[in-house]
Amino acid sequence: MGLFEGKGVLVTGGARGIGRATAQAFAREGALVALCDLRPEGKEVAEAIGGFFFQVDLALEEDRERFVEGAARALGRVDVLVNNAAIAVPGSALTVPLAQWRKVLEVNLTAPMHLSALAAREMRKVGGGAIVQVASVQGLFAEQENVAYNASKGGLVNLTRSLALDLAPLGIRVNAVAPGAIVTEAVLEAILLSEDPERTRRDWEDLHALRQLGRPEEVAEAILFLASEKASFITGAILPVDGGMTASFMMAGRPV
């Protein structure tokens, strides 16, 4: 019997990367999974795991409501929500267009808050549940020319703590993972499009004490732990899944 046998699990951004690996991992543990994404290929992921797919734009309030309400009907219950979906727009405070700033915060911060509220109302019907946010090491420190993403993930870190306090009386635990550089499609594309892909990958690996990039499956396992009864006394926690990146104030994997 799996860790989540018969449980209803919602995963946002489930078409690729960490979201896809998370949906697959929950399904292997017996969960009934509903995933959403703006990309239509999320349907193939859902079909492969016997789940349900909702093509939505999480920047839209009505789409967020449609996802949670539809998923609750399809699954019959909601026990776990994984807020994974996120977007990034490069630029500093001097260069990022305000419209793009607002879009990043809407998807990366407002959507997780709204989805958590919607899901919590469903979880209350079954006596509780768990919410796991996919934050980032960039919610713990910042990098240049990424002001909107930095701000959104920093906000998500403290949103996690706030929700943990507000939802504890309902038996709902709220935690977050903070991944380092993970080998997703977006990361691989960024490496391949750089002037020197081999050097770029090596530099990214050197940010981590373990001298390697993470895999989506490794983040998924951390998410499953936080959502499971194995973490029953953990709430309001931010778990770095970063190969030791945040253990150092310099390049963690490169000797000084």
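**Helix 3 and the strands around it**

Strand 1 (8-12), strand 2 (32-37), strand 3 (52-55) and helix 4 (98-125) are among the elements that cover the buried residues of helix 3. The model is a predicted one, and the description here starts from this helix and then moves to the strands.

Helix 3 takes in residues 61-75, 15 in total. From first C-alpha to last it reaches 21 Å, close to the 21 Å expected at 1.5 Å a residue. Its buried residues are Asp63, Arg64, Phe67, Val68, Gly70, Ala71, Ala72 and Leu75. As for the pattern of such positions, an α-helix has 3.6 residues a turn, so residues three or four places apart point the same way. Just past the end of helix 3 comes glycine 76, with a positive phi of about 90°.

Now for the strands. Strand 2 is largely enclosed by the rest of the structure, because five of its six residues are buried. Strand 2 pairs with strand 1 in the parallel sense, over five bridges, and here alanine 34 of strand 2 is the bridge partner of leucine 10. Strand 2 also runs parallel to strand 3, joined to it by four bridges; leucine 35 stands opposite phenylalanine 53 of strand 3.

The connections between these strands go through helices. Helix 1 (residues 17-28) makes a right-handed β-α-β unit with strand 1 and strand 2. Helix 2 (residues 42-48) does likewise with strand 2 and strand 3, again as a right-handed β-α-β unit.

Conventions. Residues numbered from 1 in each chain as written. Predicted model: local features only at pLDDT ≥ 70, side-chain atom pairs only at ≥ 80, totals over all residues. Heavy atoms only, no water. Helix = DSSP H or I, 4+ residues; strand = E, 2+ residues; numbered from the N terminus. Expected span 1.5 Å × (residues − 1). Buried < 20%, exposed > 50% of the residue type's maximum accessible area, 1.4 Å probe, protein only. Contact = heavy atoms within 4.5 Å. Pairing = 2+ DSSP bridges. Right-handed = clockwise from strand over helix to strand, strands pointing away.
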